[in-house]
Amino acid sequence: MNEVRRDVFDARRTSRKTIDQSGVWRFREAVLSIDESEIITHPEGSTRLYERDGIFFKHEGENPTGSFKDRGMTVAITQAVRLGARTVACASTGNTSASAAAYAAQAGLRAVVFIPAGKVATGKLAQTLAYGALCLQVRGDFDAAMRLVLEASQRLGIYLVNSINPFRIEGQKTIVWELLQDLEWDPPDWIVVPAGNLGNTSAFGKALVEAREAGWISKMPRLAAIQASGANPFYRSFKENFATRHRVTPETIASAIRIGDPVSYDKAVAALRETNGVVEEVTDEELMTAKRDIDHMGIGCEPASATTLAGVRKLRESGVMRDSDRIVCVLTGHVLKDPDAIKSDKIVEIDPEISAVERILAADR
Ligand code: F0G
């Protein structure tokens with residue numbers, strides 16, 4: 001991999017080939033060694049990097065199914081087809097299932113998803129069903145669904161596409177490489193990521209180590225992984241310098257990260273150590289305030305993604321981050337994923353009369 005020069009990736013940004021337009025496969029030599037004709041791509045990635053109030057936001061909600069999961073899924077489904085799999089499966093809080101369903105449909109595979117009954121956001125469930133996946137609503141939380149799908153994949157010979165699958169991680173590394181590329185390979189001081197099952201945290205650590213080894217960057221950004229305080233096992237472990245692996249019964253409004261026993265714990269610990277990273281927790285109130293602010297910037301995201309900005313605020317307050325630090329928050333999911341989490345009093349029913357319009361506008365100053 002070391003011989004791949006980053007200007008090869010830069011040159012592909014302006015290419016018209018589908019595979020080069022993919023923000024995953026543009027980095028193909030460092031993702032998966034495979035013949036181009038075998039790749040199942042939408043294409044995905046090539047998301048935008050916004051700057052607002054001095055903070056960068058990499059919007060992974062701009063992926064084909066509205067979350068960062070597509071970056072890992074294109075690689076996992078490509079690999080599934082290569083292995084001759086007929087059925088793929090995952091446990092999910094909703095985004096992985098939507099992505100698996102879409103890529104499985106494209107590849108002509110059957111998708112079976114295991115979701116915590118009643119705990120998946122409306123947009124995500126709708127997508128998963130629309131793309132034709134079989135939905136098993138497990139009576140239990142995500143962690144129970146995860147245990148069940150692990151057993152099912154071992155016993156029933158179905159191909160698992162959760163982030164415990166290393167090919168998912170290979171694809172998700174490209175979030176970091178693409179944002180470095182967006183910044184013309186001048187690394188930020190911090191990369192901030194929501195932390196649930198810890199696949200992304202792991203992928204980001206691996207991406208940064210590989211980027212440094214390949215000579216694409218000379219400075220290591222620090223990772224900040226942010227959890228909801230009601231689903232904070234990784235934060236608890238961090239506070240004890242990772243002496244104990246914690247497990248909790250998760251509860252948070254950010255249903256994407258309502259996870260008490262993250263599967264990629266060990267890899268995420270390594271990622272934190274390699275990047276001199278930190279873990280922070282934010283309350284539901286703090287993350288919902290941050291979500292409203294991101295929404296009102298005209299960007300928008302789902303609740304879990306807003307942990308990033310809420311985390312930055314806390315880490316600045318405690319002095320871990322300085323105001324002058326260059327920070328990239330990774331927004332992991334689209335605003336429409338979780339419409340029920342959108343609260344506003346700016347909706348009024350009126351009669352079809354101009355006087356009503358005048359009255360409401362005057363009151364809304
Ligand atoms: N943000 C969003 C929008 C997510 O959907 C997830 C995870 C995360 C953050 C956390 O990422 O698990 O790699 O630490 N969603 C998974 C799913 C669990 O099933 O869609 P992580």
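How far is an oxygen atom of the ligand from a polar backbone atom of Gly196? In this predicted model, the separation between the ligand oxygen and the polar backbone atom of Gly196 is 2.8 Å. Taken alone, the ligand would expose 470 Å², and the protein buries 98% of that area. The space that the ligand takes is the largest cavity.

Further polar contacts are formed by Ser92 and Thr93. In the case of Ser92, a polar side-chain atom lies 2.7 Å from an oxygen atom of the ligand. In the case of Thr93, the atom concerned is a backbone N or O atom, which lies 2.8 Å from an oxygen atom of the ligand. The ligand is surrounded by 20 residues, of which Ser92, Thr96, Gly196, Leu198 and Thr332 come nearest. By character, the shell around the ligand comprises eight nonpolar, ten polar and two charged residues. Two helices, α4 (95-107) and α8 (199-213), each supply at least two residues of this shell.

The strands were examined next. Four strands form an open sheet in the order β5-β4-β3-β6, and their pairing is parallel. At the edges of this sheet are β5 (134-138) and β6 (159-160), each of which pairs on one side only. Strand β3 (residues 87-91) runs parallel to strand β4 (residues 110-116), and five bridges join the two. Within β4, Val113 is the residue that stands opposite Cys90.

Two features of the backbone were also noted. In general, most residues other than glycine have a negative phi, and most peptide bonds are trans. Against this background, the peptide bond that joins His42 and Pro43 is cis, with an omega of about 5°. Pro43 belongs to the loop between α2 (18-21) and β1 (49-52). The second feature concerns Glu184, which is not a glycine and yet has a positive phi of about 55°. Glu184 is placed in the loop between α7 (166-182) and β7 (190-194). Both Pro43 and Glu184 are therefore loop residues under the assignment of helices and strands as DSSP runs.

Definitions and conventions:
Residues numbered from 1 in each chain as written. Predicted model: local features only at pLDDT ≥ 70, side-chain atom pairs only at ≥ 80, totals over all residues. Heavy atoms only, no water. Pairing = 2+ DSSP bridges. Near = heavy atom within 4 Å. Polar contact = N/O pair within 3.5 Å; in protein donor to acceptor, adjacent residues only side chain to side chain. Areas by Shrake-Rupley, 256 points an atom, 1.4 Å probe, with all protein chains shown as cover. 1 Å grid on protein atoms, 1.4 Å probe; cavity = no way out; pocket = protein on both sides within 12 Å on 5 of 7 lines; lining within 4 Å. Sits in = over half its atoms within 2 Å of the grid points. Nonpolar A, V, L, I, M, F, W, Y, C, P; charged D, E, K, R; others polar.
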